[in-house]
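This report describes a structure of two chains, starting with their surfaces and going on to their folds, cores and cavities.

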Amino acid sequence: MIFKSKANKALDRMEDPRETLDYSYQRQLELLQKVRRGVADVATSRKRVELQINSLKQKADKLEEQGRKALQVGREDLAREALTRRSALQSQMAELQAQHDNLQAEEEKLTLASQRLQAKVDAFRTKKETIKATYTAAEAQTRINEAFSGISEEMGDVGLAIQRAEDKTAQMQARAGAIDELLASGALDDFTGTRGDDIQAELDRLGGGRDVELELQRMKAELGQGPAPREAIEAGQPGQAAQQNQPAQPGQAAPPPPPAPTQQYRQPGEGL
Amino acid sequence: MIVRIMGEGQVEIAPADIDELNSLDSELEAAIESGDEAEFRAKLHALLDRVRQVGKALPEDSLEPSELILPPADASMDEVREMLGDQGLIPG
């Protein structure tokens, strides 16, 4: 309703209706380019979020591995610390995943819009050439009006869809940028890298310490100074502690969100 | 009657289905007047779902204008208020 009246007003101002057809066709092609750029922009943002998710996942996996190692050497305190940090990363990842899904939905919508517009622009071009070939002033206005009404409505709709996608992408990019900065600044490494390294350092020290003890015992045995090293150390009490504690990993049991009633459009209040 | 759901495309609605859509439209209007966001969202989705269900999609290369235009499912209440005339989204 809104678009129709505007399009008709523009049409009435034109001297030669045939010029209007060409002018409109140019604008349609421009809009097609714009919507394709829109699809590409949204895809770029989506890929960026994917990279961020992957990078957080690597950090989380590293922490999980460290937690397991800590348990194997009986350091439940270290394991708990590693898993706590991992759990914080997991909630960040969940937020990013929601953004990712949002962008993907937007990308699909724009892709469909671009296909619809392409089909209509093609149909308009055919119609335009027919009208120009058989042009008589008397019937031109009516036929041109017919050709216009559908395409201008589609253009209005696609224009708004692009606007909405741009707004959403801009919001996402602001957030993605903030996370990139966090990753680059090392602030997230408080959870993983820098402070994570203290977990690693302690594990290395413990592991190294045990190796040294074993090596010493082995050497003593060779020299006949003491009993052979007991291999059972590996499967001894620290190992059992690991078995008992592993099911208690936090952050694993987040229930999936309830399904929304209308699947693709489930963002209340996420309008313009 | 040809109806456009913004962002989704156009469908053709048989005259027999229009009454039902009108009553869904009235419920949506009431929800907007009450200003209840959850109610508004539910009614908007109910209307759009029904239009998608009974509507027959127009071919993509059709250049037909729509007799009425419905807002997208994620439109805000204010956007829909702006689109609304005195008659609700579906006239008559």
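## Surface, fold and interior

The accessible surface of chain B comes to about 4,200 Å², and carbon and sulfur atoms hold 49% of it. Such areas come from the Shrake-Rupley method with a 1.4 Å probe, and for residues only the protein chains shown count as cover. The model is predicted: local features need pLDDT of at least 70, side-chain atom pairs count only at pLDDT 80 or more, and totals for chains, interfaces and linings use all residues. Residues are numbered from 1 along each chain as its sequence is written, chains are lettered from A and ligands numbered from 1 in the order in which they are written, and side-chain values use heavy atoms, without hydrogens and water.

The table sets out the two chains. Helices (H or I, at least four residues) and strands (E, at least two) are DSSP runs, numbered from the N terminus. Buried means under 20% relative accessible area (1.4 Å probe, protein chains only).

| Chain | Elements | Order along the sequence | Buried residues |
|---|---|---|---|
| Chain A | six helices, zero strands | α-α-α-α-α-α | 37% of 272 residues |
| Chain B | three helices, four strands | β-β-α-α-β-β-α | 50% of 92 residues |

Contact means heavy atoms within 4.5 Å. Among contacts in chain A between residues at least 6 apart in sequence, 84% join residues at least 24 apart. In chain B, 69% of the contacts with a separation of 6 or more are between residues 24 or more positions apart.

A nonpolar core is a set of buried Ala, Val, Leu, Ile, Met, Phe, Trp, Tyr and Cys residues joined through side-chain atoms within 4.5 Å. The largest one has 44 residues, and those touching the most other members are A:Leu110, A:Leu117, A:Phe124, A:Ile151 and A:Val158. At least two residues of this core come from each of α2 (17-72), α3, α4 and α5 (193-222) of chain A. Beyond its neighbours within four places in sequence, A:Leu110 is in contact with residues including A:Val35, A:Val42 and A:Ile162. A second, separate core has 23 residues, among them B:Leu21, B:Leu24, B:Val51 and B:Val54.

A cavity is a set of points on a 1 Å grid over the protein atoms alone where a 1.4 Å probe fits but cannot get out; lining residues have an atom within 4 Å of a point. Two cavities of 30 Å³ or more are counted. The largest has a volume of about 150 Å³, the space filled by probe spheres set on the points. Its lining has 14 residues, and the closest to its centre are A:Lys109, A:Ala161, A:Arg164, B:Gly7 and B:Pro72.

Notes
On a 1 Å grid over the protein atoms alone, a cavity is a set of points where a 1.4 Å probe fits but cannot get out, and a pocket is an open set with protein on both sides within 12 Å along at least five of seven lines; lining residues have an atom within 4 Å of a point.
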